[in-house]
Amino acid sequence: MSSAQNSDSVSHLTQREAAEIDETLMGPLGFSVDQLMELAGLSVATSIAEVYKPSEYDRVLAICGPGSNGGDGLVAARHLYHFGYKPSVCYPKRTQKPLYTGLVTQLESLSIPFLSVEDLPLDFSKDFDIIVDAMFGFSFHGTPRPPFDDLIKRLLCLHGYDQTRQKRPVIVSVDIPSGWHVEEGDIGDEGIKPDMLVSLTAPKLCAKKSSGPHHFLGGRFVPPVIADKYKLRLPPYPGTSMCVRIGKAPNVDISALRENYISPEFLEEQVESDPINQFRKWVDDAIAAGLREPNAMALSTVGKDGKPSSRMVLLKGVDRGGFVWCTNYESRKACELCDNPHASLLFYWDGLNRQVSIFLRLALFHLSTLPAGSLKMVPLFSPSLSKLESYLLDVKNQTEQFF
Ligand SMILES: NC(=O)C1=CN([C@@H]2O[C@H](COP(=O)(O)OP(=O)(O)OC[C@H]3O[C@@H](n4cnc5c(N)ncnc54)[C@H](O)[C@@H]3O)[C@@H](O)[C@H]2O)[C@@H](O)CC1
Ligand SMILES: [K+]
């Protein structure tokens, strides 16, 4: 996902403008509230998935308020479920309109737990990885009334963990950090400090005061007529994405980057006796899993000077005789292989948590049988290698004519 422009160069709406746009969309422009809420909630879920992977942050609590902001939270919870998260929902002031009762039924049909305020732990830190704050959006006024005042206080307590360096759930606020003034922001600096703010349609003025590491825009439905009327400067959404980052991604401590790999057990007795068969099986798995370019491999060669170099190339074929790939015979890799026929291949299939490393020698004796521009490499475990060794000695002086 690409990063968007600086947050200062993006338009911010007043409370009145936000309400006006809402009315125009759902009046003369023919949208229904269900439609907009579905797209808004999907944007929230995809923004979360951009930053917080379910492998590490799967326990989500969506706290939903009585209005459309709460509806966005209910929709987001459903999408997060389908993305592989385990959401729970706290929806203490339910709205008895078919749109909202329908959203509740959809979540119940997925066995998503609904927790009352009394059921919730006083300290959210042990039970949840992500709190979706969908209590209030741009129609919020005054100070929060019960039970939301207490829920906001529990979110505030989480900031205490920042000093202790204990892990705490991240807070994702939908459109407005709940309790903040829609235009003035966090008056008195006493409100919640979301780690991620997902602005919908366009950021509201309070978003200028949000200093969390992640600010996203969602609600990819603003027609040009609205953008022109309000002179909106909004970042373009990349590709088919439902969200776009506003401002820069935070600097990340590289040493702290670590995925928890969870894979099915792989026992020795499950390994094919023929390594080529095993390799082909894993290629088939990578293709079936829909991974991008499952035939991409890092090819490492070492030149005359003893210095290694690596690059990604595409595997064009594999059989008992070896691995085939294409190259310009005058390329650096081809020249290095001419000087030193040893190489290694590395396949990495992210998503399956698998990698295969193969050590090979260039098989010049296959050149005449291959399509122009191809090279074949024989794995070092291959029985044909001894034949190759003697052949290589024979052709030692002929290599110039091949490259
Ligand atoms: N184009 C748009 O404008 C869109 C707006 N959407 C969402 O709709 C939101 C606005 O929704 P609504 O206008 O329904 O309003 P909100 O969801 O912002 O909240 C209004 C509800 O909160 C209550 N409330 C207000 N102040 C309170 C206080 N101090 N204490 C306790 N309760 C209080 C009100 O009685 C009302 O029930 C946006 O922020 C956004 O999340 C999206 O669903 C879709 C697109
Ligand atoms: K909110």
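This briefing walks through a predicted model of a protein chain, with a close look at the spot where a potassium ion sits. The protein chain has 11 helices and 13 strands. Of its 403 residues, 47% are buried. Among contacts with a separation of 6 or more, 68% are between residues 24 or more positions apart.

**Three residues from the record**

- An unreviewed UniProt entry lists Asn 69, Asp 133 and Ser 178 under "binding site".
- These three span 110 residues in sequence, yet no two of their C-alpha atoms are more than 9.7 Å apart, so they gather at one spot.
- One of the set, Asn 69, is also part of the lining of the second largest pocket.

**Getting to know Asn 69**

- You'll find Asn 69 in helix α3, which runs over residues 68–82.
- Asn 69 has a relative accessibility of 7%, and it counts as buried because the cut-off is under 20%.
- Skip its neighbours within four places in sequence, and Asn 69 still contacts Asp 133, Ala 134, Met 135, Phe 136, Gly 137, Val 174 and Asp 175.
- So one of the contacts of Asn 69 is Asp 133, which is on the UniProt list too.

**Getting to know Ser 178**

- Ser 178 isn't in a helix or a strand: look for it in the loop between β4 (170–174) and β5 (196–200).
- With just 1% relative accessibility, Ser 178 is buried.
- Not counting residues up to four places away in sequence, Ser 178 touches Asp 133, Met 135, Phe 136, Ile 152, Ser 173 and Ile 192.
- The side chains of Ser 178 and Asp 133 make a polar contact at 2.4 Å.

**The potassium site**

- Which protein atoms are the donors of the potassium ion (ligand 2)? They are OD1 of Asn 69, OG of Ser 178, and the O atoms of Asp 133, Phe 136, Val 174 and Ile 176.
- These donors lie 2.6 to 3.0 Å from the ion.
- The angles among the six donor atoms of the potassium ion (ligand 2) go from 71 to 167°, and the site is irregular.
- Along the chain, the donors of this potassium ion follow the spacing N-x63-D-x2-F-x37-V-x1-I-x1-S.
- Phe 136 and Ile 176 link distant parts of the chain, as they are 40 residues apart.
- Phe 136 is in the loop between β3 (130–134) and α5 (148–158), while Ile 176 is in the loop between β4 and β5.
- Are these two donors buried or exposed? Phe 136 is buried, with a relative accessible area of 13%, and Ile 176 is buried at 1% relative accessibility.

**Elsewhere in the chain: helices α3 and α4**

- Helix α3 also holds Arg 78.
- Arg 78 counts as buried, at 12% relative accessibility.
- Leaving out neighbours within four places in sequence, Arg 78 is in contact with Glu 38, Leu 103, Gln 106, Leu 107 and Leu 110.
- Leu 99 belongs to helix α4, residues 98–109.
- At 18% relative accessibility, Leu 99 is buried too, because buried means under 20%.
- Leu 99 and Asp 34 are 65 residues apart along the chain, but their C-alpha atoms are separated by 6.8 Å.
- Asp 34 is also among the contacts of Leu 99, along with Val 33 and Met 37, once neighbours within four places are set aside.

Notes. Residues are numbered from 1 along each chain as its sequence is written. Chains are lettered from A and ligands numbered from 1 in the order in which they are written. This is a predicted model: local features need pLDDT of at least 70, side-chain atom pairs count only at pLDDT 80 or more; totals for chains, interfaces and linings use all residues. Side-chain values use heavy atoms; hydrogens and water are left out. UniProt positions are given in the numbering used here, feature names are shortened, and annotations may be inferred rather than shown by experiment. On a 1 Å grid over the protein atoms alone, a cavity is a set of points where a 1.4 Å probe fits but cannot get out, and a pocket is an open set with protein on both sides within 12 Å along at least five of seven lines; lining residues have an atom within 4 Å of a point. Helices (H or I, at least four residues) and strands (E, at least two) are DSSP runs, numbered from the N terminus. Buried means under 20% relative accessible area, exposed over 50%, partly exposed in between (1.4 Å probe, protein chains only). Contact means heavy atoms within 4.5 Å. A polar contact is a pair of N or O atoms within 3.5 Å; within protein, one must be able to donate a hydrogen and the other to accept it, and residues adjacent in sequence count only if both atoms are side-chain atoms. Donors are N, O and S atoms within 2.8 Å of the metal (3.2 Å for Na, K and Ca); water is not among the atoms, so sites may look incomplete. Four donors count as tetrahedral if all angles lie between 85 and 135 degrees; four count as square planar and six as octahedral if opposite donors are over 155 degrees apart and all others between 65 and 115; anything else is irregular.
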